[in-house]
Structures are given as C-alpha cells and as structure tokens.
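Visitor: Could you pick a single part of this model and give me a close look at it? I'd like the details, with the cut-offs behind the words you use.

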Amino acid sequence: MTKRIWAVAAVLAAVLAFPAAGVTKTTGGTLNMIAWEGYTQPQWVNPFEKQSGCKVNAKYAGSSDEMVALMRSGGGSQYDMVSASGDASLRLIYGGDVQPVDPSKIPDFKNFTKAFQSPPNNTVGGKHYGISLQWGPNTLLYNTKKVVPAPTSWASIYSPKYKGLITVPDNPIQIADVALYLMKTQPKLGITDPYELTQSQFNAAIALLKQQKPLIKKYWALASDEIDLFKNGDAVIGASWPYQTNTLQAAGAPVKDLVPKEGATGWLDTWMVSSHTKNLDCAYKWLAYISTPKVQAEQAIYFGETPVNKLACAWMNKLSKGSCAKYHANAPLAYFKKIYFWKTPISKCDNGQNDCMPYTTWQQAWTQLKG
C-alpha cells in the first residue's frame, strides 16, 4: 500500500463545511467506547454528539488483548462499544461479550463492498455481531535519513545493522508478521497461513523473534509510543500503522512507510456493541453515523486506512484530491485478498487437523519472549 498523506487544515475545513448525515437530533445517553488511537477524533465525534444528543467517552487501547480485557472488566458493564480487530472480534463473540446487531438499522450497510458486509471476523451463524468499519495493512516505517538505502523487505527489522533502533508492536499477533516473513523466505517450513501454525512452524517463528529481541529498542503499546520513539530518534525503523506515518510526517519528521515485498498482515476493524450496554439507541446511532460515506472518508484520510463504504471514494477525493486511489478505496478485490487479515488463531486448522497452535499459546510465548 502506498504511503499515506496527512490531510491537515484544508481537509478539516472541508469536512466541517458539510453537514453530517444519518443522525437525527435527539436526547441521548452516553457511550463509553474502547477504541484504537485515532478512531474517535473530534472532527467526526463532535458533530455526532451535537446532532444525536449522545455523549462519547473514549478510552484508547494498545492491543486487542487489552480491548478484550476491558470489555470484560466490571462484569462487562463498563463499556458500551469497541472497535475490535479480527484477532479480538471472535473472542468477544464466543465469549458472549458482544451482542448481535441488525444491519437493516444501518442505512449505509447496503453501500458496503460485498466482502465487508458479512466477513467471518464479525458474522457467525448468519448473525452480525458488529458493523465493519475500515481496513488497512501493517506497514514498515523508517527514517529516510537514517535507513539508507530504503528498505524493501521485512528483513530490515531482523538486521543487526539497526540494533537498538528497531521497534515493533507489543502484541502476540505480531508472531503472525514473523510467520508471514518466514512463509515467503523459507518455503520449506510449509507455512500457508500465518495464523495457522503447527508446533514446528510456531517454533521457527519464536526462534526468529528471540534473535530479534536484542535488536529491539522498545515493544510499543500505543501508536503514540512509536511516534515518540521516532520523533526522539530512539528508533529509526519498525513495524507500524499508516497512522503513525501520517502523524510523524505532519510534524515534519523524515519518515516513509511501505508494504514490503513479502506482503503484510492487516486489520479489518468492526464496531461491536456490548451485551450489557444500557445505551443501545445511541449505539445504533453511532453505527449509522460512522458508516456514512463522508465520515468514513474523514476517518480514512486521517488514519490512513481504507473505508468499507464504497461511496466514500467520492468524498475522499472531495476532501483530499486523489486520496481514493492512494488509499486503495477503489482497488479491486484482488488487492484486498493480498492482505493477511488478523484472525484469532485456534487449534483447528483449515485442513481439518487439530495441530495448530491456539491463541493462548501465542500469548504465553509472547509473554515469555519479553521476559
């Protein structure tokens, strides 16, 4: 995926010039949300609050594990909604933490690209347990002045050349990034899916992570942690999201990102509603609002990701010329299929065998790795 371009004052001015759609003014309640950093920005939250009468309180989480834990805190009654990625959504569904939703109450659902209407990460047994939001790749971020020549492979974050200057997410699902790299560079391992690893394949991934550990400056939890590392010069290369690139470039930092030749893992995020919410009316208002093409375009440009509403493309170009193509909002389905989207590892492999390492094993290995 091409690097993202930060849309600054001009974009925000354009956004504010258009009235938000899909929300009717009412007297509402409060939505306590768990979100990825950058998902509840004032430029689209404030208009929602004004028009819906619903108040938004957001807490940023640094990982899917944290999101799951927060959704279960206090008996599951503390939070109303969560912007869950694919490595969390099924855990929340099977754990009874989130409730089915009715897509017919979301006017723009019909405008979603078909692949995102009922994806396996949020639709189980024909029931929708949330509404797809945005998707994107996990990128390789680098300092253009310190990393020369420009990297083309994930091999860079395993290179002693950058010892003490590398950063990667503090997240067990990071094992899948290693598995993807091995899948492309060591085909004899027989990896066909970076989330379905036999014991020997899993061991190979952990072995590479152990080799990498002495090279790591820090395992980052929040996106802002990585941003600070690059701003301060404490890191010059690492696994990242386009959001960090946008933020750093807006601050004048000499950084770029890319999807390396081996490909990338990625996320497809879903807004999900707690089984225990007392604010279901506001939750549906939020689902309808965040699904509208204008708001989808706002978030896509701000974060550097791709909207699921196909009508957002025109809005993106209206807000930032050429952004639809740059963010692959009009890309063919083939592009979407090149991204290995996060999913929760389970024991049963797609081939029917029960010899894949479940997510609990991933968590334990990651904890032991970090010491």
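Guide: First, a bit of vocabulary: a residue is buried when its relative accessible area is under 20%, exposed when it is over 50%, and partly exposed in between, using a 1.4 Å probe and protein chains only. This is a predicted model, where local features need pLDDT of at least 70 and side-chain atom pairs count only at pLDDT 80 or more, while totals for chains, interfaces and linings use all residues. Residues are numbered from 1 along each chain as its sequence is written, and side-chain values use heavy atoms, leaving out hydrogens and water.

Let's look at the disulfides, meaning pairs of cysteine sulfur atoms within 2.5 Å. That rule gives 3 of them. Take the cysteines that are bonded, number them in sequence order, and the pairing reads 1-2, 3-4, 5-6.

C54 pairs with C282, with 2.1 Å between the sulfurs. The torsion about this S-S bond is -85°, a left-handed link. C54 sits in the loop between α2 (42–52) and β2 (55–61) while C282 belongs to helix α9 (residues 280–290), so this bond ties together parts that are 228 residues apart in sequence. Helices here are DSSP runs of H or I with at least four residues, strands are E runs of at least two, and both are numbered from the N terminus. Both ends are tucked away: C54 is buried at a relative accessible area of 1%, and C282 is buried at 2%.

Next along the chain, C313 is joined to C324, S to S 1.6 Å. This one is left-handed too, because the torsion about its S-S bond is about -95°. Here C313 is in helix α11 (residues 312–319) and C324 in helix α12 (residues 323–326), so the parts tied together are 11 residues apart in sequence. Again, C313 and C324 are both buried.

That leaves C349 and C356, whose sulfur atoms are 1.9 Å apart. Here the S-S torsion is 120°, which makes the link right-handed. C349 is buried, as is C356.

Further along comes helix α14 (residues 359–370). Its buried residues are Y359, W362, A365, W366 and L369. They lie on the same side of α14 because they cover an arc of only 120° around the axis, judged by the directions from the helix axis to the C-beta atoms. The face turned away from that side carries the exposed T367 and Q368.

Notes. Expected span 1.5 Å × (residues − 1).
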